[in-house]
Amino acid sequence: MTVKFFAYLRDPDYAGCREITWPGCADVLQLGRELSTRFGQKFHDEFFAEGETELGERVIVMVNGRRVEFLSGIHTPLRDADLIQIFPVVAGG
Amino acid sequence: MKQLVIKPEKCIGCRTCELVCSFGHYQQFNPKMANVTVLEYEKAAVAVPIVCLQCEEPSCMKVCPVHAISRREDGAVIMNYDKCIGCKMCMNACPLGNISYHPSVKKVFKCDLCGGDPKCAKYCPTGAIEFSETDALSDHKKQLAEHYRDIIGEEANA
Amino acid sequence: MNNGYVGTILRVNLKTGTILKEPLNDKNADEYVGARGLGTKYYCDECDPKCDPLGPDNKLIFMTGPLTGTAATSAGRYNAVAKSPLTGTIGAANSGGHFGPELKYAGYDGIIFEDVSDHPVYLYISDDTVELRDATHLWGKDVFETTDALNEECGSNFRIACISAAGETGCLFAGIMNDKHRAAGRGGIGAVMGVKKLKAVAVKGTKSIFVAHPEKFFEVCMDARAKLKAHPVTGAGLSAYGTMILVNIVNGVGGMPVANGRDGACYADADDISGESLTAKHLIRNKGCFGCSIGCGRLTEIKSGPYKSQGEGPEYEAGWSFGADCKINDLGAVCDANFMCNQYGIDPITMGSTIACAMELYEMGAIPEEDIGFPLRFGDAAAMVKATEMTCKGEGFGKIMGLGSYRMAEKYGHPELSMSVKKQEMPAYDGRAIQGIGLEYATSNRGGCHVRGYMISPEVLGIPLAMDPLVTEGKPALLKTFQDLTALCDATGICLFTTFGMGLPEIAGMYREAVGSDESDEEVLLKGERIWNLEKQFNVAAGVEKDTLPPRLLREKLPNGPAEGKVNELHTMLKEYYAARGWDEEGIPTKEKLTALKLN
């Protein structure tokens, strides 16, 4: 699957890249854990709320353009062909 | 000793400092009554809050004919309005233009560091004005002065 | 005055040259707050809704709010109000920068311009000294030249609001620019100023603004500022990346229109024109409007190449209109076109969207090449920049584009391909992928517009709560609340962007302590609803067309992306919306509603 990062999540402190190809994992929870292992604690703390029961307050995760809140949240299943986009909360207009 | 330290690289030119200063002293919103003024240098693309630097050897203090200007214990150079005759000599003497006069205040005024907790530094949204210990900052200030003298010098002189 | 207002309205008759200083109408100020609300109230009381927007009977009103120029959050705003020549609706255009506060420091809450002058003039205001001065030497000059010339003439500490040649020669989406880069941009208010032969307003003030409860006011303002600082969006995100940060996320949900909406709403090259790219490659520094703790403004530079330039912006809307909507991934070209819009004082949303519409018409053969003078295809950055320049300068085909996409497309037989509502172009979000914003476009009181009820907040950004962009449930009622709150926010004189990090309690709190009122939050919000209904009442009386969307959004299914197969379900939402508003099925405010709001 393809995972894309945006805004400051591209900084070296977090993902340090725009995009990464990731081998299959079962769901968003597993993906978050695996990416946290790779990118470190700061990424982890941004991605997850405490206890890994839900996403962190400052992050938006989309699977194929749909926020996971409207799918199955942190347990949204993932397939190899999926595009996962990870944004910090942003606004503008 | 603590002093106001300016970081123009952080200034976004919003003039919140002017507002909170005039409010702190007069309970009015009026940038023209503030002891701090943000200068925009358009071509150099910088904004610089100009505040009293509480000079080591204040020209204003030297030139005051009635000795109305003195240095407080915390380093602030302050006005004694019981003595001030409003001659405005200090305004002319300040090389940075940090002493002002306003018709509705009816006296000259300058930064008094808000008695030790300057509002401009407290409420600057970006940290472009800080109130910090001077010793640790002398290098920073020197570098900054040189940097900005170079980039805005031309425009300021024009 | 000690209630946030300064108590005086300037009334300037441009035909006779009479300048009157009249006391602010306190009752109107109480009921309509200020800026957008109070300006509209003055307008509606004094002008015929059927008047010709480009005739002498259309007045032009500059109005600040009770919080403008105070320490409230991001309180640097004023509104320019007139009947819009682009839409025929009430036109209120909102701008930041430093001009609005300066007007209040000079002692005026607002200015009402009546009739037209027989020669170019500008209004000079230095506290109590107010004069109409000859502006023949400024006529034809662009915004930057005019501002520099007036700063030379009046003094460098004057704040200038002005128009350029685009406004003088009747470009229907010319705005009024202040502090060079800030725009009362939408609806062609600059063309109204041009018809009046009013080139500029130059103002300097040395007076104070007093509020009712100073200590308490300062406290609630600083608390609100602390809240904005602590919020990830208003405290960090907006200042780090500016509004262009939206490019990737809106595109991410498949909601950024591509090629005039013809090719759907997923732009493959979005990242090339994103806030991330702008920040990495072109940002010089952030810039804040008056009293703003957010600082979303960008000072940017294209350092080399054909589009070498420097200026402010672009904002997300311009990034989209010149970028994805014209299928252009060259950020340099996008910035250059946007800088030109600032320099010539025109609305980049309508400009880019009009070019995109022209591109579609050209590609389908509806606009012959000889009319344009060169091929105008999607993806051709040089052609896009050239088309912008021609419109800014009113040259050749630029004159036709200067009428906006609706009138242009109508001339070539395809008005349905204008992506506009009430003849004003919709901004950078596709109403098929994001249902609620479609309803906002359809019902906005000034035509296609996102900042009357920014549904992108809940539908894409998850602020204050996440709503599924693909569904319609709950949207009409929420939109109504957003629209009322926005009207209130605009009327107080603070920036709408503050509402990403705070809400009604903070706005109402600052308002109460400034004006000295003890109204509840709900009572304060009711003023927003009153403003909304007043605007609607005007539009009904003016005979503005009914609330709808371009057929493309209603019938052409999105061809790709997360919202593939979707159209906007306006019909369903509109009914609920009118019910939530207490209007009849045709969308006309009922007698009961108007009575409840003290509007008849």
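Let me begin with one pair of side chains, those of A:Arg18 and C:Asp271, which meet in a salt bridge with 3.2 Å from N to O. I should say at once that what we are looking at is a predicted model, and that the pair I have just named belongs to the interface of chain A and chain C, across which the rule finds 3 salt bridges. As a general point, side chains of opposite charge can pair when their charged atoms come close.

Staying with this interface, 20 residues of chain A are in contact with 31 residues of chain C, and the two chains bury about 2,000 Å² between them, with 63% of that area on carbon and sulfur atoms. Within the area that chain A buries against chain C, A:Val90, A:Ala91 and A:Gly93 supply 29%, which is more than any other three residues. The count of residue pairs in polar contact between chain A and chain C is 9, where both residues are at pLDDT 80 or more. On the side of chain A that touches chain C, the elements giving two or more residues are strand S3 (59-63), strand S4 (66-67) and strand S5 (83-88) of chain A. By class, the residues on that side of chain A divide into 10 nonpolar, 5 polar and 5 charged.

Before we leave chain A, there are two local features to point out in the loop between its strands S1 and S2. A:Ala7 is found in the loop between strand S1 (2-5) and strand S2 (19-21) of chain A, and its phi is near 50 degrees, a positive value in a residue other than glycine. The second feature is a salt bridge in which the side chains of A:Lys42 and A:Asp13 meet, at 3.1 Å from N to O. A:Lys42 lies in helix H2 (residues 41-47) of chain A, while A:Asp13 lies in the loop between S1 and S2, so the pair ties together parts that are 29 residues apart in sequence. Over all chains, the count by this rule comes to 56 salt bridges.

Let me now turn to chain B. Chain A and chain B do not touch, and their nearest C-alpha atoms are 18 Å apart. Of the 2 pairs of chains in contact, it is chains B and C that share the most contacts. Here 25 residues of chain B are in contact with 35 residues of chain C, and the area buried between these chains is about 2,400 Å², of which carbon and sulfur atoms give 55%. B:Ile12, B:Arg15 and B:Phe29 supply 27% of the area that chain B buries against chain C, again more than any other three residues.

Which side chains meet in a salt bridge between chain B and chain C? One such pair is C:Arg285 and B:Glu40, at 3.2 Å from N to O, and the count between chain B and chain C is 3 salt bridges. Across the interface of chain B and chain C, the rule also finds 18 residue pairs in polar contact, with both residues at pLDDT 80 or more. The elements that give two or more residues to the side of chain B that touches chain C are helix H1 (16-26), strand S3 (46-50) and helix H4 (119-123) of chain B, and the largest share, 4 residues, comes from H1(B). That side of chain B divides into 14 nonpolar, 6 polar and 5 charged residues.

Finally, I would like to look at a pocket. The second largest pocket has a volume of about 790 Å³ and is lined by 37 residues, of which C:His231, C:Gly462, C:Ile463, C:Pro464 and C:Phe500 lie nearest its centre. Helix H19 (456-461) and helix H20 (475-492) of chain C are the elements that give two or more residues to this lining, with H20(C) giving the most, 5 residues. The lining has 20 nonpolar, 12 polar and 5 charged residues.

Two of the residues named at the pocket, C:Ile463 and C:Pro464, are joined by a cis peptide bond with omega of about -5 degrees, and C:Pro464 has its place in the loop between H19 and H20 of chain C. A cis peptide bond also joins C:Gly313 and C:Pro314, where omega is about -5 degrees, and C:Pro314 is found in the loop between strand S15 (309-312) and helix H11 (316-322) of chain C. As background, most residues other than glycine have a negative phi, and most peptide bonds are trans.

Note on methods. Residues numbered from 1 in each chain as written. Chains lettered and ligands numbered in written order. Predicted model: local features only at pLDDT ≥ 70, side-chain atom pairs only at ≥ 80, totals over all residues. Heavy atoms only, no water. Contact = heavy atoms within 4.5 Å. Buried area = accessible area lost by both parts, 1.4 Å probe. Salt bridge = Lys/Arg side-chain N within 4 Å of Asp/Glu carboxyl O. Polar contact = N/O pair within 3.5 Å; in protein donor to acceptor, adjacent residues only side chain to side chain. Nonpolar A, V, L, I, M, F, W, Y, C, P; charged D, E, K, R; others polar. 1 Å grid on protein atoms, 1.4 Å probe; cavity = no way out; pocket = protein on both sides within 12 Å on 5 of 7 lines; lining within 4 Å. Points joined across faces, edges and corners; volume = space filled by probe spheres on them.
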